Amino acid sequence: LKMMGELLVGMRVMKMYAWENAFRSLIAATRRLESKYVLSTNLRRAFNLAFYLGINTFSSFLCFITYKLNGGDLTTKNVFTVLALLGAVRVPMGFFFPVGIQSVSEVRVSMKRFRAIMLKDDVGAIDYVKNESALVHASLPPVTISNLTYSWGAQAIFRDFDFAAAHNTLTAVVGPVGSGKTTLLLTILGELRPDCGKIVVNGSTYYAAQEPWVLSLSVQDNILFGSPFNAAWYRSVVRACQLEEDIASFSHG
C-alpha cells in the first residue's frame, strides 16, 4: 500500500520518464513477496484454529490408545475423569498457547526494530542560524552552508558541501531527478536535519513548493491570498509570473 501510494503521487514523473516497465516489475516482485508472507500467516492461523478445535478429540484418542496398549482397563470412571481433565486444559493449551507463541514472535520483531533504532549512530553537530534582523541583510550573504553532510540510508546525498548565495542575484540549482535539489531547499528551510554542518540564513525566507496549493476560488483570489487588492501591484505580480498570456486566453480574460 505504501509503494502504491507513492507511485500514485509520483505518477506524473513516472509517465514523463517512461518508467512504467521498471515500476511494474518492482510492484510485481513486492506483491509476490507480500503474497508469500500472507500465505504463511494464514496457514499458521489455520493450523492454530484446527489445533484448538481438534485438540480435545485427538488428545483423548491418544491417551486412551496409550493407556489400553499398556494393559489398562478403560472403565467409565477413568474415561470421564480423563475427558474432564482434557476439557479443563483445552482452552489454555488449544487457544492461549498458540496466541502466546504469536505474541512472543511479534514482541521479538518489535524489539528488533526498536534495537535497530536505538543503536543508530548519534547525529553530528548541527548549527542552524536564522537571522531576520534588518541590520544583517546588507553585510552578510543571504544563505551560507558550510561542511554540509546529509545521507539517506546508506546513500550520501551531500558530503562536505559548501554554498553561499550572493545578494541581488538569481541562483538556480540544476540537476537530474533524485540528485538532492529538494533536499537542499528543505535543509535551508530547516525542515530536514542533516548529519552535520552549519547553515546560516539571513533575512526572511519565502518558499514556493514544487506542487502548488490552489484554492477553489478565482485566479485573482489565489494571487491575492487574502491580501487587499492593489491594481498596480496585482499587474506587476501577473507580469512577473508570466500569467498575462494565460489570463488573456480565458473566455472573459
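Colleague: Which residue just after helix H3 takes a positive phi?

Modeller: In this predicted model, the residue that follows H3 with a positive phi is Gly71, whose value is about 90°.

Colleague: Why is H3 called roughly antiparallel to helix H5?

Modeller: The axes of H3, which spans residues 20–69, and H5, which spans residues 90–118, come within 9 Å and cross at roughly 170°. An angle over 145 degrees counts as roughly antiparallel, and therefore H3 is described as roughly antiparallel to H5.

Colleague: What makes up the contact of H3 with H5?

Modeller: On the H3 side there are Asn48, Phe51, Tyr52, Leu53, Ile55 and Asn56, and these meet Arg90, Val91, Met93, Gly94, Phe95 and Pro98 in H5. The residues of this contact divide into eight nonpolar, three polar and one charged, where Gly is counted among the polar residues.

Colleague: Where does H3 bend, and by how much?

Modeller: The bend lies at Gly54 and amounts to about 55°, which is the angle between axes fitted to the seven residues ending there and the seven starting there.

Colleague: Which residues of H3 are called buried, and what covers them?

Modeller: The buried residues of H3 are Ile27, Ile55, Ser59, Ser60 and Phe64, and they earn the word because each has under 20% relative accessible area. Their cover includes helix H1 (2–9), helix H4 (76–88) and H5. Ile55 also belongs to the set of H3 residues that meet H5.

Colleague: How do you know that strand S2 pairs with strands S3 and S4?

Modeller: Pairing asks for at least two bridges. Seven bridges join S2 (residues 143–152) to S3 (residues 155–165), and five bridges link S2 with S4 (residues 196–202), so both pairs satisfy the cut-off. S2 and S3 run antiparallel, and S2 and S4 pair in the antiparallel sense as well. As examples of individual partners, Ser151 stands opposite Ala156 in S3, Trp152 has Gln155 in S3 as its bridge partner, and Ser146 is partnered by Lys198 in S4.

Colleague: What do S2 and S3 form, and which residue in the turn has a positive phi?

Modeller: They form a hairpin with two residues between the strands, and Gly153 in the turn has a positive phi of about 70°.

Conventions:
Residues are numbered from 1 along each chain as its sequence is written. This is a predicted model: local features need pLDDT of at least 70, side-chain atom pairs count only at pLDDT 80 or more; totals for chains, interfaces and linings use all residues. Side-chain values use heavy atoms; hydrogens and water are left out. Helices (H or I, at least four residues) and strands (E, at least two) are DSSP runs, numbered from the N terminus. Axes are lines fitted to C-alpha atoms, for helices over the stretch in contact, and angles run from 0 to 180 degrees between N-to-C directions. Angles under 35 degrees count as roughly parallel, over 145 as roughly antiparallel, 65 to 115 as roughly perpendicular and the rest as oblique. Contact means heavy atoms within 4.5 Å. Buried means under 20% relative accessible area, exposed over 50%, partly exposed in between (1.4 Å probe, protein chains only).
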